Amino acid sequence: MSKSPTPDTEAEPRPPTVRITAETESSRAQRGRGLQIGLGAAVVLVLAIVAALTTANANSAANPTQAAAGPGAPAAQLRLGYFANVTHAPALVGVQQGLIGQTLKDAGTNSVTTQTFNAGPAAIEALNAGAIDAAYLGPNPAINSFVQSHGESVSVIAGAAAGGAQLVVQPGITDAGQLKGKTLASPQLGGTQDVALRAWLAKQGLKTTPNGTGDVTINPTDNAQTLKLFQSGKLDGAWLPEPWASRLVLEAGAHVLVDEKSLWDGSQTGKPGLFPTTILVVSKKFAAEHPQTVEALLAGNAKAVDWLNHASPAERAQAVNAALKAAGQELPANVITRALENITFTVDPLAGAYSKLLQDGVTAGVTKTADLNGLFDLRALNRVSGQPKVSAAGLGQD
């Protein structure tokens with residue numbers, strides 16, 4: 001795997017034009033002084049040209065995605081981020097099987113480089129710093145970025161996966177009241193599972209704070225480390241996406257205290273039990289400059305989702321596990337089977353859920369109340385997906 005708004009790019013500056021004119025009779029008398037001045041000016045001019053060309057070359061090297069493609073043209077390269085998680089199966093399969101690469105190539109973008117992340121806030125940081133152009137991540141980091149940038153940073157352009165998140169705990173814990181004084185984990189502060197955990201605890205009357213104090217201590221922890229800490233008894237539970245929830249259940253003896261799907265009755269989305277887990281976002285600047293590349297990415301995502309939904313369970317498990325193996329995280333058969341059973345793959349980002357997600361973030365203390373209008377741009381998705389029209393639920397364009 002290879003390598004967070006995208007750095008501004010400009011067209012390569014042209015060297016200043018040098019005009020050469022004939023020498024007049026009146027100027028000959030001043031040839032000596034004029035020659036000295038002219039030579040000095042020429043030196044300055046040459047140095048200016050060299051500096052301009054050096055700057056242009058440096059800008060091109062610093063921003064290879066745009067170096068060979070101006071605004072309005074397909075990007076020469078797309079830099080894509082995602083997680084090595086089963087909930088990111090459309091990205092995993094789309095990249096591994098070349099579905100995304102082919103649609104990009106067909107649109108004139110001949111290179112796609114990828115970078116994996118552990119959680120959404122890190123991916124958003126990379127996106128906002130210009131290190132990647134688009135990313136698969138959870139909805140809450142996208143909301144936070146949109147709010148903090150006053151709507152300028154990212155657009156949600158599609159869904160990828162729904163469901164597949166659970167609060168799993170040590171065997172002796174059977175109700176929320178027993179969590180007081182306990183230590184739980186989430187993948188990263190401000191991530192989608194972190195927000196879900198904090199909001200759920202608040203509804204149980206248990207206080208938490210982003211700095212880890214309160215009735216329940218929440219330690220944002222890398223998922224692999226969470227498994228080890230749980231196995232050693234140093235964690236009492238964790239709110240995790242798949243396959244990590246399944247790994248703690250099957251490999252560490254955890255049991256499910258809360259399956260998040262039970263908290264979504266369908267009143268927000270019209271789809272009971274479904275909630276957005278993985279979505280596809282893009283830098284607004286990149287989308288404005290390279291709409292063909294974004295449309296091609298969406299076409300590849302749609303193909304990957306369609307493949308996952310039409311493959312047999314065995315084919316799906318094998319393909320996802322092959323992609324995970326390529327990322328160094330192959331799973332036991334029972335883990336990947338259980339994880340995939342908990343996930344629905346869909347290009348619908350379930351926009352109707354986002355008002356609740358925003359409020360959950362406010363409750364959790366990791367975001368603030370804001371207007372989410374403009375967060376979604378689903379126009380390209382609805383052109384290429386081949387599915388019934390996906391709604392932005394009044395929070396953008398569709």
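**Strand pairing, helix packing and two buried side chains**

Strand β6, which spans residues 183–186, pairs in the parallel sense with strand β7, residues 217–220, and four bridges join the two. Within this pairing, serine 186 is the residue that stands opposite proline 220 of β7. The connection from β6 to β7 runs through helix α8, residues 192–203, and the resulting β-α-β crossover is right-handed. The structure described here is a predicted model, and the features reported below are likewise taken from that prediction.

Helix α8, the connecting element of the crossover, also packs against helix α15, with an angle of about 70 degrees between them and their axes 8 Å apart. Because angles of 65 to 115 degrees count as roughly perpendicular, α8 is described as roughly perpendicular to α15. On the side of α8, Val195, Arg198, Ala199, Ala202 and Lys203 take part in the contact, and they meet Lys356, Leu357, Asp360, Gly361, Thr363 and Ala364 of α15.

A further helix pair is formed by α4, residues 89–96, and α5, residues 99–106, which pack at an angle of about 65 degrees with their axes 4 Å apart. These helices, too, are therefore roughly perpendicular to each other. The contact involves Pro90, Val93, Gly94 and Val95 from α4, together with Leu99, Ile100 and Gly101 from α5.

Helix α15 (354–364) is preceded by a loop that begins after β11 (343–345), and threonine 346 has its place in this loop. Although threonine 346 lies in a loop, its relative accessible area is 16%; because a residue under 20% counts as buried, threonine 346 is classed as buried. A polar atom of the threonine 346 side chain lies 3.0 Å from the backbone nitrogen of aspartate 348. When residues up to four places away in sequence are not counted, threonine 346 touches Gly159, Ala160, Ala161, Ala162 and Val305.

A second buried residue, arginine 79, is located in strand β1, which comprises residues 77–83. With a relative accessible area of 8%, arginine 79 is buried, and a polar atom of its side chain lies 2.9 Å from the backbone oxygen of glycine 130. In both cases the buried side chain has a polar atom placed by a backbone atom, namely the nitrogen of aspartate 348 for threonine 346 and the oxygen of glycine 130 for arginine 79.

Conventions: Residues are numbered from 1 along each chain as its sequence is written. This is a predicted model: local features need pLDDT of at least 70, side-chain atom pairs count only at pLDDT 80 or more; totals for chains, interfaces and linings use all residues. Side-chain values use heavy atoms; hydrogens and water are left out. Buried means under 20% relative accessible area, exposed over 50%, partly exposed in between (1.4 Å probe, protein chains only). A polar contact is a pair of N or O atoms within 3.5 Å; within protein, one must be able to donate a hydrogen and the other to accept it, and residues adjacent in sequence count only if both atoms are side-chain atoms. Contact means heavy atoms within 4.5 Å. Two strands pair if DSSP finds at least two bridges between them. A crossover is right-handed if, with the strands pointing away from the viewer, the path from the first strand over the helix to the second runs clockwise. Axes are lines fitted to C-alpha atoms, for helices over the stretch in contact, and angles run from 0 to 180 degrees between N-to-C directions. Angles under 35 degrees count as roughly parallel, over 145 as roughly antiparallel, 65 to 115 as roughly perpendicular and the rest as oblique.
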